[in-house]
Every structure is written in structure tokens, then in C-alpha cells.
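User: I am new to this structure and should be grateful for a close look at one part of it. Please describe the side of chain B that touches chain A, and the build of the chain that carries it.

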Amino acid sequence: MSTLLEVRNLKTHFHTRDGVVKAVDGVNFNLEPGKTLAVVGESGSGKSVTALSIMRLIPKTTGVIGTDSDILFKGESVLGMDDAGVRSIRGNRIAMIFQDPMTSLNPVYRVGRQIGESLILHKGLKKKEADERAVELLDMVGIPHAGERAKDYPHQFSGGMRQRAMIAMALACDPDILIADEPTTALDVTIQAQILELMIELQERTGTAIIMITHDLGVVADMANEVMVMYAGKQIEYGTAEDVFYRPLHPYTWGLLESLPRHDVSEKGILLPITGQPPSLINVPSGCAFHPRCPYAKDVCHTQVPQLTSIEDGHSSACLFSGDPGFRRETASPSREVV
Amino acid sequence: MSELLRVNNLKKYFPVEQGLLTSRLSRKVKAVDDVSFTVNQGETLGLVGESGCGKSTTGRCLIKLLVPTSGTVEFEDRDVAKLRGRDLKAFRRDVQFIFQDPYASLNPRMTIGEIVSEPLVVHGIGTKTERRSQVQDLLKTVGLNPEHLNRYPHEFSGGQRQRIGIARSLALRPKLIICDEPVSALDVSIQAQIVNLLSDLQDEFGLTYVFIAHDLSVVRHISDRVAVMYLGKIVELGDWKNLYDAPHHPYTQSLLSAVPVPDPEKQKSRSRIILQGDVPSPIDPPTGCRFHTRCPIAQFPICSEQEPELREVAPGQRAACHFAKPMPIALG
């Protein structure tokens, strides 16, 4: 299987008045066709900036992508492209869905017209053809009476329908990669279930690879083949969904899994939160950025920056102790029931 | 176990603003439509539902932030609507509120000390120095550094701000705290800190909570009893364990099945009940059972004509469905 997307040592830093914000600081991953990679982390961990960097949507005035960073789409460097090259990919080969479907749709254009826009731009369709195709796409994402609803404005759609319209727009050009940035966070659970089901179904049909950015581990468990956990701009764990949920390596991942209340176990568990606060990205702690909150931190963690290291086949962790055989935690195995 | 709060047939309708030229016969959003429940001393009642189900409006009616259209709220056997003067002030002291958004609910121009001591000032409690030491104690109780009382809200993170809001709500030693989505704006690791803090405070001060949230897992974790709301009505109410282990109402069942479980094998193998469409508008709610338009087990015409009563379906569990029957969902 050929690699669709390769992200190499991605560093996206923002120069602000208060200092340099290292939003993304050395991220590597590969995305294979038809697979779903979930990027998990708390606010400020750099997951959205990773996505925006891939889409080349980082403002040039403040954001700087490291010179040794590279993003290869089908072997071609996205970072090295000129604006025309980027435009031929963005929205066409790589499409993105944003968290808030209201602010990402233009309120003064009809929904159908907005969906058709990328078809006119990228596929050279005539206006009328694009309108027809937009209706088909709306129908595909499950909007009832798509023919009439295509003539509606975004405010006439409910939240779930807007997100469906966003998905239709993203899929209009049949992209190779769909980046979904918290696509269901603003939606109610029953609507979230509809949207996730739709995404799974469309992926099976179109074979699109998905990068799913989320903080919801339930959504990750539902969608992901592979999982990347981020903390303070760095990858701290990477592996298959089963690896990360059942055999997590990094103490931060343990903390995340143990701080979740579960409704799928018969008794109430004990929540073991991670102490302290997420670090400021301007003053990232020395050594391992997680050390001030880590219950296992030793002196060496204050000084030595752990690198993402492969521990088991394809399962890697950025913790100095992950290689120790005893440094393991069975957290979320199916039998986990704390009484 | 004594009843601290009793809510009887609570209704809250909001008039819909109409244009100048259209009919002034205003329509109404039936945000809360005939809701009754009790809250016992020392327990946590979870109010759960999707946006627009009326859970926050219910919460606001409980503390008289909103005046109900009809129905009564009784706190310690006294009708809250009839409280005046000194009694009302005492009620305001006994019942506190924690808001969802820790950024919007703290005045950015006041220091933490001023924010937390304001309830004490309003109720004329203590001298300035006494209040200062009380504030320091409160900050310590909620896990903040008491030295920080001269700082401003912007110097704190979301989780710390929520702690400040909690300290403020504790200042008057209330009996009942209404928590309106207190953790939904927070990251998971911080969310767990705040949930644990709320539980600890409940044990320490014998507090009673009404915990309003949309996150079913958090509600399950913190609540003794849970009420599920849909379009202004309680559709199911019961002990947390019964309600989650054997939900009787098809809406509760589909809600529980919709929440993804953080366990890949379990999640990928469990069957989901996917509801069709969106929640109907509360301006013109469906006739009969309000859920019948999306219900997978609705039968006609009974469900579209006859409104189901909230009736006992199991000991300590009530559901408003003509065809209520238990269905284990959560364990998938």
C-alpha cells in the first residue's frame, strides 16, 4: 500500500508579542489510503494546527513552519508548492470539515451553490451541472428533499444538517484525504451518532482516508484505525486503536483513559484525574513537557527530552521509561471494572 | 431522607418575538412543559438531555432566575415564588448556582478575592478581615493557592476558573447547588478534577446537587438519581443504576446507545439505535408523545394522539411511554 500522506518533523511555531508559541513541535506520521487516523489531545495540544499546516492554512504573517519540516502528499511536498499548486490540492484532493458548521458556511449563499463552488473551481463544471451534482451530494449525505433544500440558506438548516452539508462540500471533489476537525463536538449525541455513521459509511464507499481530530475518546474508539496522542505540541504516543486503548504506554494516555467516566461498566469507577494544568506553550516545561503532572516523573525527566520511540511493532511512545517491561498499565481492557 | 426541593407541574413558556407587520398573537416556546420531581436532602439529581430539552431553563426556574409560567417550586416546604424580603434573601443564601462557562461567569475586572467574597458582602457577613480569611479558606478548599486572591480571572486556566466559581458558590454555606453544565467546557483530565472536587465537597458540607449536563457518562458518575428530558418533558426518571442498566424509554435507550464507548472492540461491535431527523421545534411540539416523530417503536395512532404519563415501570423508576419496556444498552 502506498503512503498517501507523510508528515515529517512538522514544526509550526507562532511568533507572538509574548514569545514563540510552539504549537506543533516535531510531529511525524504516515497516512495510508482508506484508513482513519485519530489525533487526540486536550485544547492547546496542537491537533488543529497540525491539520491547518497540512492544508497550508497557517497565516504567513505570524506562523512559521520549520525549514526541516516536510509534508508529502503522494510523494510531492505540499510545503514546497506555490499558491496555485496548493489551491489545486486544497478542497480538491485534501478536504477539511470544521468544528462549527455555522461559521464555516457562508450565510449569504445558498447551500447548493456553496457545495457546487469547488466543483466549478476544481472540476471545471458549468454552474448548472454543479448545482445538479450538489443536489446529488446532499442526497448522499442524507438530507431529505435535497432538491429543495439545496436552495436554502445555511440558517434554514439545523446544526446536524449543516454538518451534513459541510461533509457534502468536502466530499464534492472525491478527495483522497478528509480532515475532520472536531466534526461532532458542537452536536448533540444523537446527531453525533448520525454523523459518525455517515462518515463511516461514506468512507467504505469512497475509500477516503480520514484524519479525525477530536478530544472525545469515544469517537476515537468508534472511528480510528490508528491513534496519535498529542501533548503540548508533541506526539507522545502513536499506535493502532487497540494498542492505545488496551496497552497504552505513556503515562499521559493512562491519565486520559483513567479520568473518563464510563457508562459501559456496571459499577461507578473511580476517576483518577491528571493533576495540575496543561502547560503554556510559550514556557513549555524543560525535559519532558508532561513531567510536572506526571506521577512517575524522576529527575531525569526534568532535563532529558524523550523522543518518540518504537516500543512494540508500530506502537511508539515518547516517555523515557516506556521501554521498561514493568512500566505498563492495563487501563481500558474490556474487563476493566472498578468496583 | 427528607425532600429538600419539590417541583410541581413546572411550566416555562417564552413568547416568540414576532415582526411588526405579522400577527401579534404571539406563539410560545414551551421550554419546560409540566415537569415534576423532587430532590432529597444530600443527594445528586442529574438532569440530562440534548440542547433545547429545557434542562437549563428548569435549573434557572429552581433558583428564581426565571419566573415559571405556572407550577410551583418548593424549597424546604415553602413555595419559592411567594418568598419576599428576609425569607427570599435566606433562600438566595441557601441555594447557589454554578455556571457552565467559567470565562463568562467571572467579572474580569474583579480580583478573585472580590469575586469570592462578594456573596459575603451582599449578605453582610463578617468584617473585612474575617471575610479575607474566609476567602482564603474557600480557595484552599477548592484546591487553589490562597495567596492568589489578588489575581484576576484572566490569569487562571479554565479549570481553575471553574474552581473559583465553585468557591464563590460555597461562600454562603448553601444547602443546594444547581450545577449547570459545570464541566462541559473543560478538557477531560480537568473535568475529572472538577467532578471529584464536587463529590468531595458534597461529602464535606452535606450538599445537595441538581447536576445539569448533556454528557451521559458524567451524569451517571455523579448522580444518585437521573431525570432524562426531551422537548420540555421528563421522559424517564430513576435511580442511576436502574436507569442506565435497564432504560425503559426508547429515547433514553437511543441516547445511551448513541454515546460512543471509549473501547474500540466494544464500540465497533455494539449496535446503535440511530434516531432519524432532528429534535422538533418546541414552538409546535408534536401531539401525543413528543418523541413519536423519531421513535423507533412508536405505534399509531396511540402515540401521536395520547400523551403518555410518567408512570412507574419498575421500583423507583418512572418512564413516560405507552410501550415502555426495559432494554439493556450501555454494556453493548
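Analyst: The following account treats the contact and then chain B itself. The model is predicted, and the description should be read accordingly.

In the contact between the two chains, chain A takes part with 38 residues and chain B with 40 residues. On the side of chain B, the elements that give two or more residues are helices: H5 (158–170), H6 (188–205), H7 (216–222), H8 (240–245), H9 (250–258) and H10 (264–269). Among these, H6(B) gives the most, with six residues. By character, the residues on this side of chain B comprise 18 nonpolar, 13 polar and nine charged.

The chain that carries this side has eleven helices and twelve strands. The C-alpha trace of chain B spans about 70 × 55 × 45 Å along its principal axes. Its radius of gyration is 21 Å, which agrees with a compact globule, because a chain of 332 residues built in that way would have a value near 20 Å. Of the 332 residues of chain B, 48% count as buried. Contacts within chain B also link positions far apart in the sequence: of those with a separation of 6 or more, 65% are between residues 24 or more positions apart.

In brief, helices H5 to H10 of chain B each give two or more residues to the side that touches chain A, and chain B has a radius of gyration that agrees with a compact globule.

Technical notes. Residues are numbered from 1 along each chain as its sequence is written. Chains are lettered from A and ligands numbered from 1 in the order in which they are written. This is a predicted model: local features need pLDDT of at least 70, side-chain atom pairs count only at pLDDT 80 or more; totals for chains, interfaces and linings use all residues. Two residues are in contact if their C-beta atoms, placed from the backbone, lie within 7 Å. Helices (H or I, at least four residues) and strands (E, at least two) are DSSP runs, numbered from the N terminus. Ala, Val, Leu, Ile, Met, Phe, Trp, Tyr, Cys and Pro count as nonpolar, Asp, Glu, Lys and Arg as charged, and the others, Gly among them, as polar. The radius of gyration is taken over C-alpha atoms; the globule rule is 2.2 Å times the number of residues to the power 0.38. A residue is buried if 20 or more other C-beta atoms lie within 10 Å of its own, exposed if 12 or fewer, and partly exposed in between; C-beta atoms are placed from the backbone.
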